[in-house]
Structures are given as structure tokens and as C-alpha cells.
Amino acid sequence: MKTLQVDLGQRSYPIHIGRGLLRQTELLKPCIAGSRVAVVTNTTVGPLYLDGVLKALAAWNPISVELPDGEEYKTLDVLNRIFTALLENRCDRKTTLVALGGGVVGDMTGFAAATYQRGVPFIQVPTTLLAQVDSSVGGKTGVNHPLGKNMIGAFHQPQCVIIDTDTLSTLPDNELSAGLAEVIKYGLIGDLEFLNWLEQNLDKLMARDPQALAYAIERSCSDKARVVAADEREAGQRALLNLGHTFGHAIETGTGYGAWLHGEAVAAGVCMAADLSCRMGWLKPEELARIETLIRRARLPTRAPKSLSSGQLRELMGVDKKVEAGKLRLVLPKGLGHAVITQDFPSTLLDETLEQCREFA
Ligand SMILES: NC(=O)c1ccc[n+]([C@@H]2O[C@H](COP(=O)([O-])OP(=O)(O)OC[C@H]3O[C@@H](n4cnc5c(N)ncnc54)[C@H](O)[C@@H]3O)[C@@H](O)[C@H]2O)c1
Ligand SMILES: [Zn+2]
């Protein structure tokens, strides 16, 4: 087992990474102050892993809440089911919540913990690669609103993050690839050595080699922990973690819910950001090609779908009026393993990227 630390003063916490950690009571114990625990999971992850977790938590008289599975259930309505279960079971302010699942369960449980009786502690037990390398670390929690994704939420750091890499054995292939998009992102924004390692080890990751996966998770968490420790509330550099996301969100919104996984849209978005950097002379053509090759090897898309026109993409990115006012900010690679947050890109070059970086464009 490896243990990393997220350094946030009094809100610091450990990230444990290893095999079979779900069932280890000793890891949970230091993170639970009161005498009650409530595990939140969903209808897919529950049948696979809930029993083991409840056994490990037996000393705390655990209750469990099973939510429906899907991003469309990441709502205030469904969140209320967690509160109802907690109240029905007379859970007090010392109850610790445990999020057992992917990013949706993690974000919802974290937000429930941030607000139940004005805040209770919680533990992240992420079970998707995306949640293990990204959403379980850093304390962003929340739900969607019909008018916008993640629009209702709070910063609330967990007591600890317990990453059992064995859970990845049941993860569908496309979800594994989606997680790899965020992994590749860390290499691109600030870790060239890791990017090189990824190029050498991608086949192992795709084959779910446990050691390779554990290393990629560890390195991603340590990169994210460093960024979060330096800028917990995203006043500046934490925004670098959004590389590919402005393009990606345009694809997600434009294609409608569920057509593209988040990680798939981020992958195409990373390639589009790199394409723009290349047009600006910030990346060499061969560096752009290296990025696209790596994304392709992870069986991820490098282009936006042809069903979206460049005009639609541009509008969805909020470019329309904002570019005139010079407001759109993008995270763009500047050399491999380095990225900047900038408003300083020619609008015509962005148009070219949006036109060219579509399938069959
Ligand atoms: N808080 C943050 O900083 C942050 C960062 C990135 C993403 N997010 C959020 O995370 C969410 C996406 O997370 P995700 O990609 O984990 O999606 P998800 O939670 O929907 O999980 C993907 C699918 O995999 C299933 N699943 C989970 N673990 C499994 C396992 N071990 N075996 C088999 N199936 C399993 C889930 O039930 C679901 O069907 C989005 O809502 C996004 O907004 C938050
Ligand atoms: Zn993301």
C-alpha cells in the first residue's frame, strides 16, 4: 500500500492506494470520530462492493443508502434521499458518511456531508479510475441543476481517500479509457516525466496491469494533491486542471447527456487545445502528434463529432460575445508537460481549430 498526503493545514488528509483496501477496518478507523457511519453507493456498485465495506464498518453500526445510477440522478431531488435516510436513522452530527462509487456518488455524498446538520465528516472510497485519479481528491462536491452541471455545491474535504485498485477489475472498458484522459492531462499540464512514462506504459494500463495502474493512480493523485494544496479554492493555478475541459464541455453539452462520457469529451478537448497551441507556435507539430497518438492508443477520441458545427462549438464555449470582450479563458499547452491559463489567443486561430478538429472535417 502507498499513502500520500494532501497538505491543507488542519484539513490535511491521507490518500491510501492499494489492493483489497475496501475491507481494511484499520484504515477506516482513524477517519471516524463518532459512533455512526452511513455508506452511500449506487445500484451498480452496491451489489459488487457494499457487503465488504459494511463488514469492515460493522463496529460503527452502519446504515447504507443506494442511489440510482447515472449522471442524470446527480440532482437535489436524489440528494434529498440521503438526508431522509440519515434523519430516519437518527444520524447525528458525528455521523461519518462514506462515498462508495464513482464521481457521481462521490460528489453527491460529499455535498450531503458538507450540508447535513451544517457539515459532517466523510470518506471517499472511489471505484472508477476517473474518481480515483481526480474527483475523490480536492474537496469539490455538488450536484447538477437543470440549467447547469455542478452548479450547486461546496468545497468540503474528506477525512481520507481509500483507493482499492481491485475495484477496477469490474469497470467497463470505456470507463477505464475515460479515466485515462484525466491521467494524460496531469502529464500534459505539469509532469513531462509522467507523460513519457505513460507513452511507455499505456499498453499495460489498457491491459489493466495492476502495478502500472497503481503507479498511474499514485502519480496522478500526487500531482493533483500538489495543485490543490497550493490553490484549494481555485483562485489561480488549480484552473490548470481544466485542460481540455472548455472544449470538452462544449462537446458534452452539444451532443446531449450520455452520448459522450466526460473523459471522452476531455480527451477530444485536450487534442483541440493542443491543436490551438500548435497553431500559435506553442507546440511543435511533432509534439501535437505525440499527444494525439497517446490519446488514440487509450481508445479515446481526438476530435469533436462532425454533428457539431464549428459555430455551434464556438457558441457552446461561450465564445460568441465573450471573445470580443476578451473574456474567454483557456488552458493551453505551452511545450510538452507545461500549460498556461490564458485569454491571449487569436480568435481566428480558435476558429480554425474548431473547424479542423471535427471528425472528417
Ligand atoms: N469533484 C471533482 O473534483 C470532480 C472531478 C471530475 C469529475 N467529477 C464528477 O464525477 C462524475 C463522473 O465520475 P465517473 O466518471 O466516476 O462516473 P460515474 O460515477 O457515473 O461512474 C461511471 C459508471 O461506472 C459505474 N461503476 C463505478 N464503479 C464501478 C466498478 N468498480 N465496477 C463497475 N462499474 C462501476 C457507475 O455505477 C457508473 O455507471 C461527474 O459527475 C463529474 O462532474 C468531479
Ligand atoms: Zn474532468
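**Zinc, ligand 1 and a few residues**

Trainee: What spacing do the donors of the zinc ion (ligand 2) follow along the chain?

Mentor: The spacing is E-x62-H-x16-H. Donors are N, O and S atoms within 2.8 Å of the metal (3.2 Å for Na, K and Ca), and water is not among the atoms, so sites may look incomplete.

Trainee: Which protein residues are they?

Mentor: Glu182 (OE), His245 (NE2) and His262 (NE2), lying 2.0 to 2.2 Å from the zinc ion. The two histidines, 17 residues apart, link distant parts of the chain: His245 is in helix H9 (residues 245–255) and His262 is in helix H10 (residues 262–279). Helices (H or I, at least four residues) and strands (E, at least two) are DSSP runs, numbered from the N terminus.

Trainee: Anything to know about the model itself?

Mentor: This is a predicted model, in which local features need pLDDT of at least 70 and side-chain atom pairs count only at pLDDT 80 or more, while totals for chains, interfaces and linings use all residues. Residues are numbered from 1 along each chain as its sequence is written, chains are lettered from A and ligands numbered from 1 in the order in which they are written, and side-chain values use heavy atoms, with hydrogens and water left out.

Trainee: Back to the histidines. Is His245 buried or exposed?

Mentor: His245 counts as buried because its relative accessibility is 8%. His262, at 21%, counts as partly exposed. Buried means under 20% relative accessible area, exposed over 50%, and partly exposed in between (1.4 Å probe, protein chains only).

Trainee: New topic. How many residues surround ligand 1?

Mentor: There are 26, and the closest are Asp69, Glu71, Thr127, Thr128 and Thr170. A residue is counted if one of its heavy atoms lies within 4 Å of the molecule. The shell divides into 7 nonpolar, 10 polar and 9 charged residues. Ala, Val, Leu, Ile, Met, Phe, Trp, Tyr, Cys and Pro count as nonpolar, Asp, Glu, Lys and Arg as charged, and the others, Gly among them, as polar.

Trainee: Which polar side-chain atoms lie by a nitrogen or oxygen of ligand 1?

Mentor: One of Thr127 lies 2.7 Å from a nitrogen atom of ligand 1. One of Asn42 lies 3.0 Å from an oxygen atom of ligand 1. The protein covers 88% of the 870 Å² of accessible area that ligand 1 has on its own; such areas come from the Shrake-Rupley method with a 1.4 Å probe, and for residues only the protein chains shown count as cover.

Trainee: And Ser310, where is that?

Mentor: Ser310 is in helix H12 (residues 310–316). Its side chain makes a polar contact with the side chain of Glu355 (2.7 Å). A polar contact is a pair of N or O atoms within 3.5 Å; within protein, one must be able to donate a hydrogen and the other to accept it, and residues adjacent in sequence count only if both atoms are side-chain atoms.

Trainee: What is odd about Arg118?

Mentor: Arg118 has a positive phi of about 65° although it is not a glycine. Most residues other than glycine have a negative phi. Arg118 is in the loop between H4 and strand S6 (122–126), and it counts as exposed because its relative accessibility is 80%.

Trainee: Last one: where does Val40 lie?

Mentor: Val40 lies in strand S3 (residues 37–42) and is buried, with a relative accessible area of 0%. Val40 and Ala99 are 59 residues apart in sequence and 5.2 Å apart in space, C-alpha to C-alpha.
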